[in-house]
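Reader: I am new to reading protein models. Could you take me through this one and explain the words as we go?

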Amino acid sequence: MRKAVVVLGAVVLLIAGLAGATAWYMLGLPGHSYSGAPLPATAPENELASRLQRHVTAIASEPHNIAHPEALEAAAAYIEAELTSLGYTPQAQVFEADGQEVRNIEVVREPPGADADTPSLVIGAHYDSFGPAPGANDNGTGTAAVLELARLLKDVPLKDKRLRLVLFTHEEPPYDRTPDMGSWRYAQMLKERGETVAGMISLETIGCFSDEPGSQQYPPPFGLFFPTKANFVAFVAMPGSRSFLHEVVEPFRRHAAIPTIGGTAPDQFDGVGWSDHWSFAKFDYPAIMITDTALFRYRHYHKPTDTPDKVDYDKLARITLGLDKTIRELLQ
């Protein structure tokens, strides 16, 4: 009897140890999340918030996708015009889906002496919307942030990495998680060229926040570990991208006064692979998603009510400026 008790105790300790190690691997992040009182917007954040609101309003005031081709083209043309006004020469990756030509849009900055072996840091967001939704938060916010990062990073010195800023189309159904997804076509192109990707950051739905208890939901079992207030931004990776996730989270937490959570989990968990980082992971590139968690807090997700007036532009500006400082570190 005593031996059985000892064996049972050992098994319980082993299971507890494995559970603890799994939780540490999945949810452990470097640095410390901001936990103070919400800070008022600074002057630079206010200025940036106005610019971000202009972009979201221009791109995402009406549905824009393959079912609304004129609006999708107008969104693409706006993106290209904004990048051109910053002094870039945007390049289009044109492809066909269901008999219609669509395009990803990229700008690239090269370090001195760049060659085929120079690794790329990819910052991307999708600019198409879902079905009848204007897509202000999903994903006008991510698109606007990429446009402003293009402005903020225009003259940052590059040492040994290439910077790719990309706006993808066809992230939304019916193309999500298929070879007709814009980011899939883009990652495939890089792989066929034999290019190295140091990491890819997908900005996905980053404009909804609340300090109300109970405003945040989760897919099981993450509600056991994370807060109930939807006041944070989440950093998400799939296995194979944990190291890159940590590279991004640590400097962001130093630079941005906004709560952060996140971790590494398999694609089988709802939400973990629901963005353009999924495509890059499929081609064995390290990739993460930064998100407000979309449908787990945003009641207008994929609805006609996802309009520009629903976006928290002050928080979006704070995230964008934090990313600017983070990306500068990643490029050095």
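**Reading the model step by step**

Author: Happy to! P174 lies in the loop between β4 and α5. Please keep in mind that this is a predicted model.

Reader: What makes the peptide bond from P173 to P174 cis?

Author: Its omega is the clue: the angle is near 15 degrees, and the bond is cis. A cis peptide bond also joins P220 and P221, with omega about 5 degrees. P221 sits in the loop between β5 and β6. Most peptide bonds are trans.

Reader: Let's move on to α5. How do you know that its length agrees with that of a helix?

Author: Count 1.5 Å a residue: the 12 residues of helix α5, residues 182-193, should span 16 Å. The C-alpha atoms at its ends are 17 Å apart, which agrees.

Reader: Which residues of α5 are buried, and what covers them?

Author: The buried ones are G182, S183, W184, Y186, A187, M189 and L190. Their cover includes the strands β1, β2, β3, β4 and β5, together with helix α7. Just after α5 comes G194, with a positive phi of about 80 degrees.

Reader: Why is T293 called buried?

Author: Buried means under 20% relative accessible area. T293 has 14%, so it counts as buried. Its place is in the loop between β8 and α8. Its phi is near 85 degrees, a positive value in a residue other than glycine.

Reader: And A294, why does that residue count as buried?

Author: By the same cut-off: A294 has 10% relative accessibility, and the limit is under 20%, so A294 is buried. A294 is also found in the loop between β8 and α8, and it has a positive phi of about 55 degrees although it is not a glycine. Most residues other than glycine have a negative phi.

Reader: Now the whole chain. How many helices and strands are there, and how do you know how compact the chain is?

Author: The protein chain has eight helices and eight strands. Its radius of gyration is 20 Å, close to the 20 Å that the globule rule gives for 332 residues, so the chain is as compact as a globular protein of that length. Along its principal axes, the C-alpha trace spans about 75 × 45 × 40 Å.

Reader: What share of the chain is buried, and how much area is exposed?

Author: Buried residues make up 54% of the 332 residues. The chain exposes about 14,400 Å², and carbon and sulfur atoms supply 58% of that area.

Terms used:
Residues numbered from 1 in each chain as written. Predicted model: local features only at pLDDT ≥ 70, side-chain atom pairs only at ≥ 80, totals over all residues. Heavy atoms only, no water. Helix = DSSP H or I, 4+ residues; strand = E, 2+ residues; numbered from the N terminus. Expected span 1.5 Å × (residues − 1). Buried < 20%, exposed > 50% of the residue type's maximum accessible area, 1.4 Å probe, protein only. Contact = heavy atoms within 4.5 Å. Rg over C-alpha atoms; globule rule 2.2 N^0.38 Å. Areas by Shrake-Rupley, 256 points an atom, 1.4 Å probe, with all protein chains shown as cover.
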